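Student: Please take a close look at one part of this model and work outward from there. I would like a connected account rather than a list.

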Amino acid sequence: MTTSTIQTLGEFIIAHQKDYPEASGELSALFSAIKLAAKVIHREINKAGLVNIAGLSGDENVQGEQQMKLDVLANDTFKAALAARGVVCGIASEEEDHYVLLDDGLNTNSKYIVMMDPVDGSSNIDVNVSVGTIFSVYRRRSPVGTKVSDEDFFQPGTEQVAAGYVIYGSSTMLVYSTGHGVNGFTYDPTLGVFCLSHPNMQTPELGLIYSINEGNYVHFPEGVKKYIKYCQVEDDASNRPYTSRYIGSLVSDIHRNLIYGGIYLYPSSARYPNGKLRLLYECNPIAFLVEQAGGRAICKEGQRVLELKPTSLHQRVPFFAGSKAMVDDLEQFLFDNA
Ligand code: AHG
Ligand code: MN
Ligand code: MN
Ligand code: MN
């Protein structure tokens, strides 16, 4: 890439300002906060193992999960970067029990709220497998000048102004959408900028990869079990058996399937009767991106994830997302076995 062909994330946002005319630069400021925090986490992750950033923090989050040190660092880094720009009036996070009023509610004149999973795939940190950050942006519903309230956070995913993820993999990428397609930017640490590398990402209509933790097979709903067997049956005409790929980091599994085509499944299981993934800061932002890339995201037969009305901050839902034809096939198995 030469300097004449590089388009940085900042330049791209300015060039597409027309996509969100009502955002008088605030969304750009919000993205600059996310960019900065992502660069900090990129730096820390690339030192994990050398500095004391791996391992458990010793605390437990509201989910009952053991927090990794990086969970806490990333949570604090994104909160601080967003608060500093004064364009976000509240944040919900996997690592926060309740939503956080920024600067004790002093950002009450801001019009956006952010929901985030600071580190997705935390269990992979200590074994050098890729992890991510997921973010979701909404306009507040409560009056500007007041403190944020539940109505600002319990909005259906269709109301998202923007959503995206950072994947800290063989390279660090930021992939996002404001509802006008999906674009991917690769971080160049020598320049300190995210460069447009995957313009207008569209996921193949049909993929050959299915991603699920088959260790939970015995507890899956009957329709999911039958779909998994369908994926494994020899059928040359439909290029089956498919390939099973599961990294255990939602962002990584989704990113690969977006590019290659594929389906990701996290059904209800014995341990997670409503599914494991959290609606507000995992399922909704990923569903937004998958749909913008031409795929589908459902939580049960006939139920689009984005149309769910949230009822609690950390609620979990079953999650099936990816290539349209594959989600269609799965949905038929769910209908047939409902
Ligand atoms: P998080 O690390 O943010 O808690 O999310 C972990 C999620 C998701 O990233 C991944 O796909 C899934 O948990 C893996 O769950 P299992 O280990 O139960 O398969
Ligand atoms: Mn977690
Ligand atoms: Mn997660
Ligand atoms: Mn997480």
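Tutor: Arg 240 is a starting point: in this predicted model its relative accessible area is 11%, which makes Arg 240 buried. The side chain of Arg 240 forms a salt bridge with that of Asp 235, with N and O 3.9 Å apart. The cut-off for a salt bridge is 4 Å, so this pair at 3.9 Å falls within it. Asp 235 is partly exposed, at 26% relative accessible area. A buried arginine is thus paired with a partly exposed aspartate.

The structure holds 14 salt bridges, and another of them is found in helix α6. Asp 253 and Arg 256 both belong to this helix and are three residues apart, about one turn. Their side chains meet at 3.1 Å, N to O, and both residues are buried. Elsewhere, salt bridges with shared partners join Glu 65, Glu 94, Arg 278 and Glu 282 into one network. Within that network, Glu 65 bonds to Arg 278, with the closest N and O atoms 3.2 Å apart. Glu 65 sits in the loop between β1 (56-60) and β2 (66-68), and Arg 278 in the loop between β13 and α7 (279-292), so the bridge ties together parts separated by 213 residues in sequence. The two partners fall into separate exposure classes: Arg 278 is buried at 4% relative accessible area, while Glu 65 counts as partly exposed at 21%. The buried class ends at 20%, so Glu 65, at 21%, lies outside it.

Helix α6 also leads to the sheets. The helix spans residues 250-260 and lies across β11, β13 and β16 (319-322), at about 165° to β11. These strands belong to an open sheet of six, ordered β12-β11-β13-β16-β14-β15, with mixed pairing. At its edges are β12 (243-244) and β15 (303-304), each of which pairs on one side only.

Strand β13 has a partner on either side in that order. With β11 (residues 209-211), β13 (residues 263-266) pairs in the parallel sense over two bridges, and Ser 211 is opposite Tyr 264. With β16, the run is antiparallel and four bridges make the join; here Tyr 264 faces Ala 321. Tyr 264 therefore has a counterpart in each neighbouring strand, because strands of a sheet pair through the backbone. In a regular strand, side chains alternate between the two faces of the sheet. In β13, Ile 263 and Leu 265 point one way and Tyr 264 and Tyr 266 the other, and all are buried.

A second open sheet has eight strands in the order β4-β3-β5-β6-β7-β8-β9-β10, again with mixed pairing. β4 (100-101) and β10 (193-198) are its edges; each has a single partner strand, so one side of each is without a neighbour in the sheet. Inside the order, β5 and β6 are antiparallel and share seven bridges, with Asp 120 opposite Gly 132 of β6. Helix α3 (residues 69-84) lies across β3 (88-93), β4, β5, β6 and β7 (162-168), at about 155° to β5. Helix α6 packs on this sheet as well, touching β5, β6, β7, β8 and β10, and its direction makes about 100° with that of β7.

One residue of β8 gives a closer view of this region. Met 173 lies in strand β8 (residues 172-177) and is buried, with 5% relative accessible area. Beyond its neighbours within four places in sequence, its contacts include Tyr 165, Val 166 and Ile 167, then Gly 184, Phe 185 and Thr 186, and also Phe 194, Ser 197, His 198 and His 255. With Gly 184, 11 residues away along the chain, the C-alpha separation is 6.6 Å.

The account ends at the surface. Val 127, Val 129 and Ile 247 make a nonpolar surface patch of about 210 Å². Val 127 lies in the loop joining β5 (112-120) and β6 (131-139), and counts as exposed at 53% relative accessibility.

Definitions and conventions. Residues numbered from 1 in each chain as written. Chains lettered and ligands numbered in written order. Predicted model: local features only at pLDDT ≥ 70, side-chain atom pairs only at ≥ 80, totals over all residues. Heavy atoms only, no water. Pairing = 2+ DSSP bridges. Contact = heavy atoms within 4.5 Å. Axes fitted to C-alpha atoms, helices over the stretch in contact; angles between N-to-C directions. Buried < 20%, exposed > 50% of the residue type's maximum accessible area, 1.4 Å probe, protein only. Patch = residues over 30% accessible without salt bridge, like charges linked within 9 Å, V, L, I, M, F, W, Y side chains within 5 Å. Areas by Shrake-Rupley, 256 points an atom, 1.4 Å probe, with all protein chains shown as cover.
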